[in-house]
Amino acid sequence: MRTWTVVLLWACAHLCVDAISLSRGPVRRKYKEIEVGKHKGTETLRRSRRGWMWNQFFLQEEYTGSDYLYIGKLQSDVDKGDGTVMYVLAGEGAGTIFVIDANSGDLHATRKLDREEKAFYRLRAQAVSKKNGLPLEPETEFIVKIHDINDNEPKFDKEVYTASVPERSHIGTYVTQVTAQDADDELYGVSAKLTYSISQGHPYFSVEPNTGIIRTALGPSDMDREQREHYQVVIEAKDMAGQKGGLTGTTTVNISLTDVNDNPPRFTKSIFQFTVPELTKEGKPVGIIRAVDADVGRNAEMDYTVVGGDGLDAFDIITDTKTQEGILTVKKPLDYEKKKSYTLQIQVQNTHPDPRFLSLNDKDMATVRISVEDVDEPPQFEKSSYIFKVKEDTNVGTAIGSVSAVDPDIQRSPVKYTIDRHTDVDWIFGIFAGNGSIFLKKTLDREEFPWHNISVIATEFNDPQQSSRVPVYIRVLDVNDNPPKLASFYETFVCENAKAGQKIQTISAVDRDDPAGGHRFFFNLAPESLVRANFSVRDNGDNTAGILTRRSGFARMLKSTHLVHVVISDGELPIQSSTGTLTIRVCTCDRDGNMEMCNAEALTSTAGLSTGALVAILLCILILLLVVVLFAALKRQKKKEPLIISKEDVRDNVVSYNDEGGGEEDTQAFDIGALRHPEVMEDSKLRRDILPSESLYPPPPLRRTLVPSRDNADVREFINQRVQENDGNPTAPPYDSLATYAYEGNGSVAESLSSLGSVSSEGKQDYNYLSEWGPRFRKLADMYGGEDSDWDS
């Protein structure tokens, strides 16, 4: 139906365009002769009038015929119909989209055109001579305008729109706006005039026909998110102002109702029951209480409160912010023996109520019943901790305090007490198992340990697994059992020219005791002091005392050192005292009292160094010097690797065996007799595989007198002299020791192989017996056993 409507409209428009074209006729230049009558004999005048001109054609878009579409006819006044005029077309689309009959001037379109692509075309036409191609008149410009037809349906900006509106909104509440566009010509007809309507979404929403604004169409009671949250609305846009035959386009609008706080929370049940053991610790959960709210998000947040019951002080409730559940917790320790059950009234309400929909009284109530379970509890001490005080001179076996614990269960099991020996490793304290009385097992010393922290364990007799412990802090009180002493080792000097009554030193004292009223020391000279006539002690009253001279004129040469014995006593009972010694050395001073000359001890004392410090410094210096000397000695010592380090350390050495020397007639090299008689060698021989050191070389021992032989005595003396020189010089290379190779011992079956001991070494010998010794000597037998051997040549 739609296709036939379009064809009908196109046909009507085409007829109208043809009628307009034909009514205007061809483009031509018209001339009309007007004769003006005059008297005879006068000249006849001719006035030419230019024909009318127009400059546009109209062509309907979307032509679907197979032939070229006729647009109109171009004709010039110079064209007399004799075939001498030719029409030429130029401009946009000339020759491709538009063609002209060169003889007749008929203008055609070669294909269908779309106004939405291009609304008009500018062309130029001219009449030229066929003979010479010259223009017969100027070019004429004209426009071919494309007439629009309703061939484009409306299109929305989005295929799917998303919008939201609060639930319980009033009628006419703005939701969103949709917009469609039509590509047809707005100035030509009503093809592009759009009208909006709703095709799906009744009766909840409506749309304004001219603007496309969507609004709610129902009242607050009908727009409830809890009943229906999502809506899909289809909006239709129709051109031709909504008239019949117009084209339409549609879009979908997904509308969601947003939540408002219009529902109060409600408990899932009116009574909740829980059971909790009596030993549950504070803050531990007892159970979960649930309430539901039809709203979501912030509107569903709830607050739980305990508003009544007999357990207001024993239980508390908090809200889980993630699950919006109420968590019931223990607020204080429970005791089954005192109270076995509790009843609570729990209230729930919204955290953020909306006064437009809910009142402040929109709350819900529930009852919670809690039963306490009996648990076998360990003994409980009366106090969480105990503090006892005891004097440090308290006798062993004296009780210093007691602890008490009871079984809280109904059975009231008896309790025994022990001390955790990890807290009293020295076994200073003991406890009576039956009554918890703590007593001393060893003496105390406040100056060593002023506090003792122990743990006492209470255990049920019937169930040893049930036990508890309590800390016990024992403070040791001070007793005046330590005498005061000088605060330090005092050593000072007095000038030879000192005057009587001159203060030379201030002394103070210390005491390990700690009296409640503070220390008070008294200073006096010892009765047995021998220097009463030389020095005196003056108590300053502030726990210090001054040492004064009692006479003038001290002689360093007569007596260089004075020892002053001072008695220090405290002010507590029983009074404790001790005697301290002050060393005073006599020194030579100038008029201002500055020391000029004194003995070594006094100098060190004035410099602030004691004798012990000087001794330590000297020892350090000696140790440093010793280290330096040892380091230098080790650095100078040369190291030589042994010839053979171990069995695994195998090295290749090149040894030359072709140097045979001068033979037996060479008497300048060595004493042959010494090689034949090994008994002339010393009993102790030196190693050849290590570097000789001085410690290994004592003074050369006296060698035994060699038995005279028939050999040359000069050679023997020369060899002995060289041996002695090399034995006494550890640095002489090559660190050799004399070795004998000719002596092979007694009873050898093979006898000597050396030619030195052979009488007939020049004679021919038989070596055939070597082949009988096995395969290892086969090569040797081949070398010596053959008659044509190289050794025999």
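**Entry 1: Asp79**

I started with Asp79, which sits in the loop between strand S2 (69-73) and strand S3 (85-91). A reminder to myself before going on: this is a predicted model.

Which side chain of opposite charge is nearest to Asp79? I found Lys73, 7.1 Å away. Asp79 is buried yet has no salt bridge. Since a salt bridge needs a side-chain nitrogen of Lys or Arg within 4 Å of a carboxyl oxygen, I could not count a pair at that distance, so I left it off my list.

I then looked for a polar partner and noted Tyr87: its side chain and that of Asp79 are joined by a polar contact of 3.0 Å. Leaving aside residues up to four places away in sequence, Asp79 touches Val85, Tyr87 and Asn103. Tyr87 therefore turns up in my notes twice, as a polar contact and as a touching residue, going by heavy atoms within 4.5 Å for the latter.

**Entry 2: salt bridges**

How many salt bridges does a search of the whole structure find? My note says 20. I picked out a few to look at in detail.

Asp262 pairs with Arg168, and their closest N and O atoms are 2.8 Å apart. This pair links distant parts of the chain, with the two positions 94 residues apart in numbering. I placed Asp262 in the loop between strand S16 (248-258) and strand S17 (266-267), and Arg168 in the loop between strand S9 (160-166) and strand S10 (174-177). Is Asp262 buried or exposed? I put it down as buried, because its relative accessibility is 9%. Arg168 has 27%, so I wrote "partly exposed" beside it.

Next I checked Glu725 and Arg722, which form a salt bridge with the closest N and O atoms 3.1 Å apart. Both are in helix H5 (residues 713-728), and because they are three residues apart there, about one helical turn separates them. I listed Glu725 as partly exposed because its relative accessible area is 40%, and Arg722 as partly exposed because its value is 41%.

From there I turned to a network: salt bridges that share partners join Arg225, Glu226, Glu229 and Asp259. One of its links is between the side chains of Arg225 and Glu229, at 3.7 Å from N to O. Arg225 has a relative accessible area of 9%, so I marked it as buried. Glu229 comes out at 32% and therefore counts as partly exposed.

**Entry 3: Leu344**

I moved on to Leu344, in strand S24 (residues 341-350). Its relative accessible area is 0%, so it goes into my buried column.

What does Leu344 touch, not counting residues up to four places away in sequence? I wrote down Val306, Gly308, Gly309, Gly311, Leu312, Phe315, Leu328, Ala366, Thr367, Val368 and Ile370. I also looked up the spacing to Thr367: 23 residues apart in sequence, and 5.8 Å apart in space from C-alpha to C-alpha.

**Entry 4: a surface patch**

Last, I looked at the surface. Val615, Ile617, Leu618, Leu619, Ile621, Leu622 and Leu625 form a nonpolar patch there. Together they have about 650 Å² of accessible area.

I took Leu619 as my example from the patch and found it in helix H3 (residues 611-636). Leu619 has 48% relative accessibility, so it counts as partly exposed. That value also clears the bar for patch members, because they need over 30% relative accessible area.

How values were computed. Residues are numbered from 1 along each chain as its sequence is written. This is a predicted model: local features need pLDDT of at least 70, side-chain atom pairs count only at pLDDT 80 or more; totals for chains, interfaces and linings use all residues. Side-chain values use heavy atoms; hydrogens and water are left out. Patches are made of residues with over 30% relative accessible area and no salt bridge: like charges are joined within 9 Å, nonpolar side chains (Val, Leu, Ile, Met, Phe, Trp, Tyr) within 5 Å. Accessible areas come from the Shrake-Rupley method with a 1.4 Å probe; for residues, only the protein chains shown count as cover. Helices (H or I, at least four residues) and strands (E, at least two) are DSSP runs, numbered from the N terminus. Buried means under 20% relative accessible area, exposed over 50%, partly exposed in between (1.4 Å probe, protein chains only). Lys and Arg count as positive and Asp and Glu as negative; His and the chain ends are not counted. A polar contact is a pair of N or O atoms within 3.5 Å; within protein, one must be able to donate a hydrogen and the other to accept it, and residues adjacent in sequence count only if both atoms are side-chain atoms.
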